[in-house]
Amino acid sequence: MKNRALAAKAILIVENDQLLKLLTIDILEEAGFVVLDAADADEAVTVLAGRTDIAVLLTGINLSGSMDGVSLAHAVRARWPHIKIVAVSGRTHLSAVDFPAESRFLRKPYHSAAMISAIRTLIDTADARRDGNSQVYLDV
Amino acid sequence: MIGHNFKNTQDACALAHAIVNTVREPIVVLDKELRVIVASRSFYSTFKVDPDVTEGRLLFELGDGEWDIPKLRTLLEKIIPEHSTIEDYDVEHDFPSLGRRTMCLNARQVVYSGGTGTTILLGIEDVTDMRALVSEKDELLRDKDILLDELRHRVANSLQIIASIIMLKAKRVSSDEARAHLEDAHNRVMSVATVQQQLHVAGVGRIEIQPYLSKLCGALAGSMIADDRAITIEVLGDGGSAACREAESFGLIVTELVINSLKHAFNGPKKGGHITVSYDVSGDDWKLSVVDDGSGKPDGQFAQAKEGLGTGIVNALAKQLNAQVETASGPEGTSISITHATFEAKKVRAA
């Protein structure tokens with residue numbers, strides 16, 4: 001089941017810090033993902049509206065523009081409920097409860113391996129659901 | 001008793017007047033109909049009114065009715081007759097001559113033994129500036145929290161960038177040795193970050209050591225122990241707290257030693273293992289130890305990479321803490337303890 005072609009497998013990364021965004025894109029591409037990026041929440045929404053192959057939104061919290069990462073996560077869950085969310089932040093007052101259900105929250109600095117495994121788990125879970133597997137274990 | 005000091009009522013009146021004029025807090029004395037009998041000098045100066053147009057007039061008709069404040073009416077007409085005393089009752093009001101003021105009111109009803117007349121003493125403290133200072137202080141404290149959060153955010157971002165660059169380099173180098181070194185560097189950046197994170201979570205001031213070390217070891221286990229390795233880390237101890245700087249050193253020492261055990265102690269045929277971290281305190285003395293049940297080194301030294309960076313870090317931190325490092329290693333595992341024993345405690349023990 002793991003190696004089947006997936007209907008949606010691209011990752012959209014939204015991060016304010018250009019250098020960190022570039023590095024994260026590299027890390028994700030090395031791990032075999034298709035990666036798209038957006039500079040802020042508004043651009044992210046535009047990208048999401050124009051494509052159907054995005055499986056995961058990976059967002060930072062400090063974003064310029066009309067929404068921060070928390071608002072973006074909720075907006076995306078409301079409009080595209082199938083898209084999984086991974087949020088990353090170094091802010092100490094945030095935790096998983098600030099994000100939509102079944103999202104993953106990673107505190108910066110995180111191990112790249114932990115981020116990749118979080119994304120894989122979310123995509124695998126989504127696949128299992130689509131395949132009608134009723135036994136889904138969420139690691140959240 | 002005040003009454004015994006006065007031969008006639010005039011003297012008592014003179015004292016009452018003097019008291020009203022002495023207190024710094026503006027005071028108004030009102031009769032049963034809420035007519036001003038007398039007001040203190042501080043009242044006249046604070047609210048910029050003249051005694052001539054004040055005494056004998058109804059409070060609510062003073063000036064152009066600027067004292068006709070709904071909350072003040074409720075206080076004087078309803079609350080005072082029922083409760084006779086009111087303290088710290090805040091009223092905000094826009095005075096045409098003074099602008100918006102916040103007043104803290106204290107009122108007391110005086111009932112006399114002879115007759116039906118009552119008097120109300122109304123203290124009106126202008127707390128506008130004080131309240132403004134308090135709210136400014138709250139705002140500054142909020143700003144400080146925001147700034148601190150911003151700083152942590154930037155540090156976290158920078159550490160993430162450093163860790164990501166090292167990780168990418170590690171993936172791209174062709175030499176196994178170079179890769180091992182880069183992965184080691186990556187883990188050190190992450191462990192410094194983990195210690196900082198746990199300290200932030202623990203808060204400022206004195207840090208409770210056991211929950212702090214438990215969380216730290218939980219984070220280390222989560223990131224350092226692969227799923228196929230059955231290694232457990234346990235934190236023991238009888239509590240105790242330490243200053244932030246000490247706690248940081250404890251965290252770095254534990255991180256180094258735990259990583260060291262994970263790297264070198266469990267490479268034998270047995271995949272599982274157990275690491276025990278303990279922190280014990282007795283007065284000013286404490287002992288921090290990390291013990292594993294893996295395969296130790298026969299020479300009694302704790303297992304480590306050739307260059308001994310880990311040992312160097314632990315020794316330097318121990319020195320900073322005025323503590324001794326003791327290691328014991330054998331087939332049953334490795335035990336390293338860092339002990340801080342003060343001269344005072346030694347004397348007591350010797351006696």
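About 60 Å³ of space lies in the second largest cavity of this predicted model. The structure holds three cavities of 30 Å³ or more. Eleven names need not be read at once, so here they are by stretch of chain A. A:Ile13, A:Val14 and A:Glu15 line the second largest cavity, as do A:Leu20 and A:Thr24. A:Leu58, A:Thr59 and A:Gly60 also belong to the lining. A:Val88, A:Lys108 and A:Tyr110 complete the list. Strand E1 (10-14), H1 and strand E3 (54-59) of chain A each give two or more residues to this lining. By class, the lining divides into six nonpolar, three polar and two charged residues.

**A cis bond beside the cavity lining**

A:Lys108, one of the residues lining the second largest cavity, is joined to A:Pro109 by a cis peptide bond. Omega there is about -5°. A:Pro109 sits in the loop between E5 and H4 of chain A. A second backbone feature is found in chain B. B:Lys48 has a phi near 50°, a positive value in a residue other than glycine. B:Lys48 belongs to the loop between helix H2 (41-46) and helix H3 (70-83) of chain B.

**The interface of chain A and chain B**

Chain A puts 19 residues in contact with 22 residues of chain B. Between them the two chains bury about 2,100 Å². Carbon and sulfur atoms carry 57% of that area. Which residues of chain A lose the most area to chain B? They are A:Glu30, A:Pro109 and A:His111, together 30% of what that side buries. A:Pro109 thus appears again, here at the interface and earlier in the cis bond with A:Lys108.

The rule finds two salt bridges across the interface of chain A and chain B. In a salt bridge, the side chains of B:Arg172 and A:Asp26 meet at 3.5 Å, N to O. The interface also has five residue pairs in polar contact, both residues at pLDDT 80 or more. On the side of chain A that touches chain B, helix H1 (residues 18-30) of chain A gives the most, with six residues. The residues of that side divide into six nonpolar, six polar and seven charged.

Over all chains, the structure holds 19 salt bridges. Why does the pair of B:Arg172 and A:Asp26 join two chains? B:Arg172 lies in helix H4 (residues 128-172) of chain B and A:Asp26 in helix H1 of chain A, so the pair links the two chains.

**Two pockets**

The table sets out the two pockets.

| Pocket | Volume | Lining residues | Largest share of the lining | Classes in the lining |
|---|---|---|---|---|
| Largest | about 1,200 Å³ | 41 residues | H5(B), nine residues | 22 nonpolar, twelve polar, seven charged |
| Second largest | about 730 Å³ | 29 residues | H1(B), seven residues | 20 nonpolar, six polar, three charged |

Take the largest pocket. Nearest its centre lie A:Leu106, A:His111, A:Ala114, B:Gly222 and B:Ser223. Strand E5 (104-107) and helix H4 (112-130) of chain A each supply at least two residues of the lining. H5 and helix H6 (209-224) of chain B do so too. A:His111 is one of the residues nearest the centre of this pocket, and A:His111 is also among the residues of chain A that lose the most area to chain B.

Now the second largest pocket. Closest to its centre are B:Ala16, B:Val20, B:Val29, B:Val110 and B:Leu121. Several elements of chain B give two or more residues to its lining. Helix H1 (9-22) is one of them. The strands are E1 (27-30), E2 (36-39), E3 (85-95), E4 (99-111) and E5 (118-126).

**B:Arg188 and its contacts**

Helix H5 (residues 176-202) of chain B contains B:Arg188. H5(B) also gives the largest share of the lining of the largest pocket. What joins the side chains of B:Arg188 and B:Glu256? A polar contact of 2.4 Å joins them. Not counting residues up to four places away in sequence, B:Arg188 touches B:Glu256, B:Leu309, B:Gly310 and B:Ile313.

Methods
Residues numbered from 1 in each chain as written. Chains lettered and ligands numbered in written order. Predicted model: local features only at pLDDT ≥ 70, side-chain atom pairs only at ≥ 80, totals over all residues. Heavy atoms only, no water. Contact = heavy atoms within 4.5 Å. Buried area = accessible area lost by both parts, 1.4 Å probe. Salt bridge = Lys/Arg side-chain N within 4 Å of Asp/Glu carboxyl O. Polar contact = N/O pair within 3.5 Å; in protein donor to acceptor, adjacent residues only side chain to side chain. Helix = DSSP H or I, 4+ residues; strand = E, 2+ residues; numbered from the N terminus. Nonpolar A, V, L, I, M, F, W, Y, C, P; charged D, E, K, R; others polar. 1 Å grid on protein atoms, 1.4 Å probe; cavity = no way out; pocket = protein on both sides within 12 Å on 5 of 7 lines; lining within 4 Å. Points joined across faces, edges and corners; volume = space filled by probe spheres on them.
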